[in-house]
Amino acid sequence: MTAASSSSSNGLARTAIEVSNLYGFLAAVFREEVSEHFLAQLRSPELRQTLTDAGITLDDSLLRGPDQEVLRDLAVEFTALFLGPGEHISPHESVHLPQGGNLWGAETVMVRKFVNALGFKYAEEFSGMPDHISVELELMAELARREGVAWEQGDTDGAANSLSYQSQFMAEHLAKWVPTFCSKVMDIAGLSFYRDMARLTVDFLESERTDIERRIDIAKGV
Amino acid sequence: MLNRRNFLKLGAVTATTTVAGGACLSTQAAKDLPQWGNKDFSPTTGKSRKAIPSACWQCVTRCANMGYVEDGRLVKIESNVNSIRTEGVMCAKGQGAVNHTYDPDRILYPMQRVGERGSDEWKRISWDEALDMIAARMKKNRDAGTPEKVVYHYGRAKASHSKTIGGFFKAYGTGSIGNHTALCEGGKWTAQELTWGGHYDNWDFDNTKFVLNFGSNVLETHTNHIPTAHRLLWAMAEKGVEMVTFDVRLSNTAAKSKEWVPIKSGTDGAVLAAMINVVMSEGLYKGDGEEFLKYTRVTEDVNADVPAKIAAIKAGVKDYTPKWAEKISGVPASKITALARKFATTKPAVLVSYRGLVAHYNGNEGERLAQLLCAVTGQIDKPGTRMKAVGAGWKWPKIPSAKKIKKLDIFDGFPGQVAYPTHHVAETVLPMIKDGRNGRPDMYIMYCWTPAYANGHIGEAIEILKDEKLMPFIVSVDPFYGDSTMYADLILPDTPFTERWTAEDMVDPAQIGEFYIRQPFTKPLGEARDFSDVVFDLAKRLGVDMGKAKSHEDFVRLACENTPGVKDAGGFEYMKKHGVWHDKNATPQQQVYNRPVPESVYKAKGVVLDKASGVYWKPASEADAKKGYVATKGAYKKYVAQQMPHGVFSGFAPDKVNKSGYLELWSPLLKAKGFNPFPTWIPIPEHQKMGPDDLVLTTFKHAAQTHSRTMNCKYLAEVYHNNPAWINPVTAKARGIYDGDRIKVTSEVGEIVTKARVTEAIIPGVVAISHHCGHWAYGRYASGRRAPSTDEERGDRDFKFKWWTENGVHPNWVIPNSPDPINGQQRWMDTVVQVTRV
């Protein structure tokens with residue numbers, strides 16, 4: 001492969017931005033209960049069609065039910081799945097690793113160090129723990145966004161730099177626990193929405209694992 | 001799984017969705033991301049350490065690396081993550097190199113011997129005194145018309161080190177320059193030069209689907225170790241690529257393979273010959289093999305067509321049946337057949353071979369058979385197979401050679417001993433000095449060279465080094481007090497590589513070529529000086545012209561400023577900052593041999609066709625043209641193109657010998673020296689005469705050590721410092737030997753006493769002893785013996801933690817210096833020994 005030409009740079013920039021958006025979308029799914037605004041987005045013909053193309057058909061009840069009823073059902077599901085009380089699937093990395101099992105474990109600290117080493121901070125209003133799945137997905141969204149900007153500017157070294165962080169964070173964190181987490185969600189979730197989102201997350205990360213390395217090779221001219 | 005294209009469509013329409021919730025992270029304040037990789041921090045203060053990109057020199061692989069310096073002290077070495085060769089991977093040896101700088105047995109000042117040779121009595125002298133002494137000898141010999149009596153013998157000098165130091169001696173007028181290649185891999189190189197011209201092959205693990213390995217311990221030690229080994233591991237782990245390894249010993253490479261095929265020592269060639277037999281008799285050459293045979297020479301007739309070539313190969317290997325090979329090698333015929341089929345039909349597959357195949361009496365033929373198997377299956381010089389290697393092509397500053405260069409004929413073996421010593425015969429240099437018929441040095445300068453330890457027949461080597469009549473004056477250029485340095489008359493304290501400059505160029509498995517430099521992590525300790533700087537001082541004393549450069553750093557700077565690409569990237573300043581550079585627009589090099597050559601080139605003025613070889617070349621004179629291409633000395637330098645029945649092609653251009661532009665497997669060069677021109681199975685003579693008590697001694701290397709230069713590194717010595725002899729339970733029982741017993745290993749040149757490691761990880765009939773161990777000097781960690789004039793603690797708090805007391809035994813005491821008769825490779829794997837319980 002050769003270094004990226006300007007036309008392939010445009011394509012790579014577009015890819016990186018789309019990847020960034022999708023990370024952002026998934027971060028929103030797991031961050032909190034579906035909001036009214038988010039539900040409206042989900043019901044928009046454009047997003048529905050794209051989800052259908054991606055093999056995800058949203059339930060009729062979610063699409064057509066009364067807003068407040070649907071939002072309530074989704075909120076109850078979100079709480080039962082990710083918040084508790086009682087048995088739930090904690091959306092934090094350190095809980096899901098074989099050697100872990102505790103909230104705020106060693107991995108939590110590693111994620112926080114990673115975020116801080118990049119010069120990023122946790123938002124003041126964020127009250128979760130540093131290794132929440134939405135933090136990790138947002139971090140990847142931001143790295144992919146910066147990758148996209150670098151490609152747009154023809155800065156292959158910058159793109160390679162951002163991709164190297166994506167590759168490292170994927171290997172050291174996301175790939176280690178998110179598939180396990182999502183498979184638990186797929187097993188337990190009552191509403192198809194969270195099952196579908198979990199499947200989408202796993203498949204997307206799996207696809208990105210390979211594609212990040214492909215984009216690094218292009219950026220490095222290997 | 002969902003389709004990736006659909007994910008991305010989702011990404012396109014979800015841009016507005018992401019604003020839906022509050023974000024967990026605040027990222028705007030960070031304008032730029034920090035540079036990824038190669039950062040290190042002090043564990044005590046948290047302060048960032050200074051990171052200096054440079055290059056390793058623990059082994060010849062010479063990986064790009066990164067040194068971390070804290071308060072002026074080198075504290076850690078890791079890989080340079082931006083290297084396309086290593087891709088950020090590094091071995092234990094490279095990391096252990098941090099111990100070189102602060103080795104308590106390091107020599108920090110010039111030393112002159114005051115007692116008997118080897119008595120460890122020295123006095124410190126100044127650099128001026130030392131250099132005056134050397135310059136006086138050089139002047140004396142130049143005035144007497146005997147500059148060749150100044151012998152420069154190096155163990156490792158590569159790239160700009162080779163150019164500056166070797167350049168100095170050639171500018172002075174001596175061509176008496178020795179190396180160590182025959183002790184390492186010279187046989188492999190010559191065999192490749194005889195077949196496809198270039199001396200080095202790259203194994204394309206990135207693209208292969210199957211690896212067939214004959215005697216390479218590639219995952220532990222290889223001359224391009226990490227760049228190839230990590231790619232192989234990835235291929236095996238990530239893509240499920242299978243490797244099958246033939247070896248007498250269950251090396252770690254064999255253990256990680258899909259299958260270890262135990263094989264009798266020195267019989268790999270028979271198995272290869274039988275595999276070719278299977279390919280030919282089952283028609284597995286059809287397709288890719290047939291196509292490649294167009295570019296292969298297997299008959300005397302250079303115009304033979306493919307059917308004629310197929311007939312010749314079939315005739316050549318008809319007796320090499322799998323059943324025949326089973327009797328010789330112990331490998332079941334069914335296994336040979338199955339693996340031949342698998343190799344021929346899995347596309348692409350790579351054939352790997354190294355010292356297990358080539359460090360034998362029949363090594364040259366083994367490698368030629370390997371090339372033939374690759375040729376008939378078409379598994380050669382294309383992605384996923386064995387390919388001609390690519391390195392960085394620096395544009396070096398010129399150091400003008402003397403008008404007349406004279407040399408002692410002591411580097412290529414005894415008269416008639418070796419047919420094509422294209423990389424010399426290091427193991428016979430000292431015996432030839434003892435013999436004296438081709439002259440002796442007046443001054444023998446050893447640079448990174450330990451002839452007493454690295455050659456076979458150590459007892460003889462030490463006697464020669466101690467004899468002032470044979471060796472009147474020995475200079476050792478070494479950072480450490482070692483097994484050979486102790487016999488010198490003068491020691492120049494060299495810098496370890498952590499304090500040096502070099503422009504480097506080792507082979508790149510990505511087939512692109514990586515330019516990289518070595519720069520000092522720290523200033524030299526004491527009065528140590530890099531010898532490649534010292535030669536500039538010697539040149540001034542002798543009035544020798546070293547060209548534009550004023551020092552080695554200056555030479556590296558000029559190379560960076562002269563070399564296209566590196567220069568455009570920012571030259572020396574860029575290289576000092578990044579350490580590595582490659583052309584991002586370059587495509588991997590492959591398949592140059594089938595490039596048609598235009599008529600304007602091969603019909604240019606002065607170019608003639610040599611009908612016997614089909615080579616278009618540019619003879620220097622009418623007389624040369626008449627003599628012909630093959631018979632004219634150095635004709636390979638005048639090669640232009642190869643005529644083949646289907647056109648004129650660039651072919652496999654020669655590099656060191658007058659071969660044709662075919663992949664030459666019918667060699668007129670070998671025929672001229674009395675060898676079979678077609679690749680042939682040759683039994684090892686000594687092995688045919690073995691008695692019931694005899695065993696074959698074989699040698700190997702460990703992942704944490706290089707052959708002779710790393711045992712002084714305490715981290716590495718702690719990992720590996722003892723080398724009991726591997727022996728099979730059946731072989732051991734027949735001799736009353738049990739695990740841990742003391743045993744005596746005796747050969748025609750000596751005996752050693754070591755311990756037995758009784759294990760089924762080695763075949764019966766063989767005893768295996770590793771290199772690296774058994775130093776008698778080389779400092780407290782390597783040998784338990786301090787260098788003279790050093791105290792117990794000198795700057796090394798760790799010494800009190802040294803827990804091991806044994807340092808192993810060196811097998812070279814019992815291995816004779818014995819070259820492959822074709823290429824001069826030292827036969828490390830052939831020695832017949834007797835083993836008894838002590």
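A residue counts as buried if 20 or more other C-beta atoms lie within 10 Å of its own, as exposed if 12 or fewer do, and as partly exposed in between. Keep that cut-off at hand for these exercises on a predicted model.

**Exercise 1. Find where N38(B) lies, and classify it as buried, partly exposed or exposed.**

Solution.
- Start with the place: N38(B) belongs to the loop between β1 and β2 (50–55) of chain B.
- Next, count neighbours: N38(B) has 18 C-beta neighbours inside 10 Å, so it is partly exposed.
- Finally, look at the backbone: N38(B) is not a glycine, yet its phi is positive, about 55 degrees.

**Exercise 2. Do the same for H772(B): is it buried or exposed?**

Solution.
- H772(B) sits in the loop between β31 (766–770) and α30 (779–783) of chain B.
- Within 10 Å there are 26 other C-beta atoms, so H772(B) is buried.
- Its phi is positive too, at about 85 degrees, although H772(B) is not a glycine.
- As background, most residues other than glycine have a negative phi, and most peptide bonds are trans.

**Exercise 3. Locate the loops that hold P85(A) and P348(B), and describe the peptide bond before each proline.**

Solution.
- In chain A, P85(A) is in the loop between α5 (67–83) and α6 (93–96). The bond joining G84(A) to P85(A) is cis, with omega about 0 degrees.
- In chain B, P348(B) is in the loop between α14 (333–345) and β14 (349–353). Here the bond from K347(B) is cis as well, with omega near -10 degrees.

**Exercise 4. Check the length of helix α20 (residues 531–542) of chain B, then find what covers its buried residues.**

Solution.
- The helix has 12 residues, and at 1.5 Å a residue it should span 16 Å; the end C-alpha atoms are 16 Å apart, so the two values agree.
- Its buried residues are F531(B), S532(B), D533(B), V534(B), V535(B) and A539(B).
- Among the elements covering them are α5 (159–172), β16 (443–447) and α21 (552–562) of chain B.
- After α20(B) comes G543(B), with a positive phi near 65 degrees.

**Exercise 5. Work out how chains A and B meet.**

Solution.
- Count both sides: 52 residues of chain A and 37 residues of chain B take part in the contact.
- On the chain B side, α1(B) gives the largest share, nine residues.
- By class, that side holds 19 nonpolar, 15 polar and three charged residues.
- Now the strands: β1 (residues 121–122) of chain A pairs with β1(B) in the antiparallel sense over two bridges, and K121(A) has S26(B) as its bridge partner.
- Last, L139(A) in helix α8 (residues 133–152) of chain A touches L25(B), as well as V115(A) and F169(A). With 25 C-beta neighbours inside 10 Å, L139(A) is therefore buried.

Conventions
Residues numbered from 1 in each chain as written. Chains lettered and ligands numbered in written order. Predicted model: local features only at pLDDT ≥ 70, side-chain atom pairs only at ≥ 80, totals over all residues. Contact = placed C-beta atoms within 7 Å. Helix = DSSP H or I, 4+ residues; strand = E, 2+ residues; numbered from the N terminus. Nonpolar A, V, L, I, M, F, W, Y, C, P; charged D, E, K, R; others polar. Pairing = 2+ DSSP bridges. Expected span 1.5 Å × (residues − 1). Lists of a residue's contacts leave out its neighbours within four places in sequence.
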